[in-house]
Amino acid sequence: MIGASIRARKASMWPYHPSLLATPVPRYTSFPTAAELTPHVTEQDFADALASASGEISLYLHIPFCERICWYCGCNTGAANRQQRLVSYLDALHREIALVAALLPADARIGRIAFGGGSPNAIAPSDFTRLFDALAEQLPLDDPIVSIELDPRSLTEEWRPVLKAVGATHASLGVQTFAPHLQAAIGRIQPVEVIERSVALLRMAGITSLNFDLMYGLPGQTEEDLAETLDLASEMRANRIALFGYAHIPHLIPRQRQIDATALPDQWARFRMAAIGRHQLIGAGYQPVGFDHFALPGDPLAQAALSGRLRRNFQGFTEDQAPVLIGLGASAISSFPDLLVQNEKNSGRYRMMLSQNHLAPALGKRRTKDDQRRGAIIENLLCQGRTRVDAPLLQSAFERLAPYVQMGLCAVQEGQIVLSDAALPYARSIAAAFDPYRQDSARRFSSAV
Ligand code: SF4
């Protein structure tokens, strides 16, 4: 039995080239990335972009509160322990909905609504219902697909009718690991029964696409720990699994200082865990989607990957095809074909700007034609594993691509760059060859695996 497991692990291994993984790279959930946003954006820029956002639009609403803060978390969120702060944040969100609704053109159609955070279930179910009612009354909803991120630790029975009433079909649970000693090491205790109860509740509420966020690279985590967590996740038939490498960057995320850095697995151990995890999930019937997502056959994400319609946005790999994403709430990012805009991150300042009936853009970036061209190349490489590139752009990237070509991780064939099957852990690094903003990224991004 042990011999079979070792053979399976060997079969799952990608070729390991540590020097090609040495430079931290962005996750490329947008291009240019959030690191390129600057204060050179005005409220008028944002208003103009909203006024020309016709056709299909997706919405994202950010709820920056959680019942308990996990030590590893890099999200813009805070403790939901001050009622007045929650009330005034929700007031601001209602105002922002009204301002955006007044600017959208008549032919705009909202096809998706995603609630994220933080934990949207940190607010009261009645407040959530009021928020959804405001969206339905003021915005041109077009039978939207509704998705929500949830903290299983605070998912109470009251949420079941609420999720059913708004027609939510997609949900994502922060699970991370089922191993109790790892949960203690990252400050997130949630017994397996809590997840089982949440899964049952969500299925009864009508959730047909349920995602588990899981992590490898945790302090003290072994390959056996990861294998047991993946077994449990697949036994619970999560429709999607996102298997992320934990990024330890305490100089940027101070709450991570509570994590014992001396117990973190090294790059080789992380690499093995990513490979073994992928192998195990494929063996359990999941289809790989991009470099870190997995979906059961039949799930819309698996279908998008199979049919070449996979996209990448701020939530990771997605089947969402809308060209415009409007982000509402503190720190939320809106994405238009030629503009990125991020709302004020500080929720106090965000509330103040909305209380004066102003939109709250703080950072932004015009997407030049060159940015759009490079963004499409990066997205194609990450989503489809191949991309067409014109000769001058290929020439400009060739020096950075050369080591990957030499190692057989990608090839240039008739004006296309094609990634090999072994290139997945290197995909972001290969994509970075087309990113002119990445000269010195050592401190700002996470490891490539
Ligand atoms: S529940 Fe999620 S968003 Fe909240 S602190 Fe934990 S990881 Fe972060």
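**Exercise 1. State where Gln176 is placed, and what is unusual about its backbone.**

Solution. Gln176 has its place in strand β6, where helices (H or I, at least four residues) and strands (E, at least two) are DSSP runs numbered from the N terminus. Next, turn to the backbone: Gln176 has a positive phi of about 70° although it is not a glycine. Most residues other than glycine have a negative phi, and most peptide bonds are trans. The model is a predicted one, in which local features need pLDDT of at least 70 and side-chain atom pairs count only at pLDDT 80 or more, while totals for chains, interfaces and linings use all residues. Residues are numbered from 1 along each chain as its sequence is written, and side-chain values use heavy atoms, with hydrogens and water left out.

**Exercise 2. Work out how β5 is paired with β6 and with β4.**

Solution. Begin with β6 (residues 168-176), which runs parallel to β5 and is joined to it by five bridges; two strands pair if DSSP finds at least two bridges between them. Within this pairing, Val146 stands opposite Ala168 in β6. Then take β4 (residues 108-117), which pairs with β5 (residues 141-150) in the parallel sense, again over five bridges. Here Ala114 has Ser147 of β5 as its bridge partner. Finally, follow the chain from β4 through helix α5 (residues 125-138) to β5, a β-α-β crossover that is right-handed, in the sense that, with the strands pointing away from the viewer, the path from the first strand over the helix to the second runs clockwise.

**Exercise 3. Locate the cis peptide bonds before Pro32 and before Gly118.**

Solution. The bond from Phe31 to Pro32 is cis, with omega near -10°, and Pro32 lies in the loop between α2 (18-21) and α3 (43-51). The bond from Gly117 to Gly118 is also cis, with omega near 25°, and Gly118 is found in the loop between β4 and α5.

**Exercise 4. Identify the residues around the ligand and sort them by character.**

Solution. Counting a residue as near when one of its heavy atoms lies within 4 Å, the shell consists of Cys66, Arg68, Ile69, Cys70, Tyr72, Cys73, Gly118, Ser119, Asp151, Arg153 and Arg188. This shell divides into five nonpolar, two polar and four charged residues, where Ala, Val, Leu, Ile, Met, Phe, Trp, Tyr, Cys and Pro count as nonpolar, Asp, Glu, Lys and Arg as charged, and the others, Gly among them, as polar.

**Exercise 5. Describe the sheet that contains β17, β18 and β19, and the helices packed on it.**

Solution. The three strands form an open sheet in the order β17-β19-β18, with antiparallel pairing. Because β17 (386-388) and β18 (410-413) stand at the edges, each with a single partner strand, one side of each is left without a neighbour in the sheet. β17 pairs with β19 (residues 416-419) over three bridges, and Arg386 has Val418 of β19 as its bridge partner. Helix α13 (residues 369-384) packs on the sheet, touching β17 and β19, where contact means heavy atoms within 4.5 Å. The direction of α13 makes about 150° with that of β17; axes are lines fitted to C-alpha atoms, for helices over the stretch in contact, and angles run from 0 to 180 degrees between N-to-C directions. Helix α14 (residues 391-406) packs on the sheet as well, touching β18 and β19, and its direction makes about 140° with that of β18.
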